[in-house]
Amino acid sequence: MPRFIPTLALAVTAAAGLGAIPALTSVAGAVTPTASSSTHVAASAANWAHGNAIRNDSKSHRIGATANAAPSGFGPSSIQSAYKLPSSTAGSGRTVAIVDAFNDPTAGKDLAVYRSTYGLSACTKATGCLKIVSQTGSTTSLPKTNAGWATEESLDLDMVSATCPNCHIILVEATSASNANLGKAVNEAAKLGADAISNSYGGSESSSDPTYDTTYYDHPGIAITASSGDSGYGVEYPAASPYVTAVGGTSLSKASNTRGWTETAWSGAGAGCSAYEAKPSFQGSASTGCAKRAVADVSAVADPNTGVAVYDTTPYQGFSGWQVYGGTSVASPLIASVYALAGNTSSVDNASLAYTNHTSLFDVTSGSDGSCSPSQLCTARAGWDGPTGYGTPDGVAAF
């Protein structure tokens, strides 16, 4: 199995724990150096990443159609309500970076539409709120466009805006979806002063991962998050890195309880035991059932059937405009932004705060992402479990 699995427009199947639902489509697959952005690429090259975003086609806007022209899916007010976030009062002076591959040519103007639609203050390059750079920090020499990854970038930008509208945002676009280039983009984000860095991509593990950890993901004083994956039980890298907060996924629904919301483990959330990463000290008392690093640490909404609204006008697969997305690509930038809201990133070097403060999370106790032993690696329970970690944000006290 290759180190990273290139997947373009891969239909979600029962293997992802979702059933054969043709209305859900994975996007932002890897593109090897010899493949065009519209080509379905065979899984033949190692060290290539795929994004962890899933579009809900039935709720998204097709080019030329009039249906679904308005936003569908959860917007900022729902995200802030579900997770009890101080989004209107916190986050000023904080910067969240998102790392993706290739260029999104409509990123700035699409973000402007998303924020104005929901009544959020503008965040533009002109004001210094938004910065878009290459993996070397260039603002003028950006990578070539890839429409699949462009939707991933719009999703990430919108989730930072929804969660921390007062935060500044840096979008770092890697030259390709290779492990090395994405890692260099993480380093550039750190160099540019990000307080939190979100990575909504991943792939299969490798014995080289501990080297990648120290080369790209070890940045004390910066909260780094990574999506756990969308294929159900199983571990991806860089979520397995002990230097990142591995973010799993939930299904989020409104409810008539005190919280006003309810969550279950999402069937597509990546989880399990790393094959190569040593068990970090912060997982010592979590009863993970793993001799090595366990995934995930925390979680947030990721089910495309309870997905979020995203605005993207770089046409892809016949879709443009308002769309609905899920995948742990939603959860990773959301959690990175919660770290920024909390304002404690100077003391962060891994996911340990969530373990120390896990009673300040919403514990997700039902749902699963597959079949495994011991059962907590794939089935939600009270306390730590694989698909949801210790749970989802209940304000910012756990971060």
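How much area does the chain expose, and what share of it do carbon and sulfur atoms supply? In this predicted model, the exposed area of the chain comes to about 12,900 Å², and carbon and sulfur atoms account for 52% of that area. Of the 399 residues in the chain, 62% are buried. The chain contains seven helices and 18 strands. When contacts between residues at least 6 apart in sequence are considered, 77% of them link residues at least 24 apart.

Four of the strands form an open sheet in the order 1-3-16-15, and their pairing is antiparallel. The edges of this sheet are occupied by strand 1 (24-27) and strand 15 (308-316). Each of these two strands has a single partner strand, so one side of each lacks a neighbour in the sheet. From one strand to the next, the twist averages 45 degrees. Strands of a sheet are paired through backbone hydrogen bonds, in either a parallel or an antiparallel arrangement. Here, strand 1 is joined to strand 3 (residues 53-56) in the antiparallel sense over four bridges. Threonine 25 is placed opposite arginine 55 of strand 3.

Two helices that lie across strands of this sheet were examined. Helix 2 (residues 107-117) lies across strand 15 and strand 16 (319-326), and its direction is at about 150 degrees to strand 15. Helix 3 (residues 147-163) lies across strand 1, strand 3, strand 15 and strand 16. The angle between helix 3 and strand 15 is about 150 degrees.

Technical notes: Residues are numbered from 1 along each chain as its sequence is written. This is a predicted model: local features need pLDDT of at least 70, side-chain atom pairs count only at pLDDT 80 or more; totals for chains, interfaces and linings use all residues. Side-chain values use heavy atoms; hydrogens and water are left out. Two strands pair if DSSP finds at least two bridges between them. Axes are lines fitted to C-alpha atoms, for helices over the stretch in contact, and angles run from 0 to 180 degrees between N-to-C directions. Contact means heavy atoms within 4.5 Å. Buried means under 20% relative accessible area, exposed over 50%, partly exposed in between (1.4 Å probe, protein chains only). Accessible areas come from the Shrake-Rupley method with a 1.4 Å probe; for residues, only the protein chains shown count as cover.
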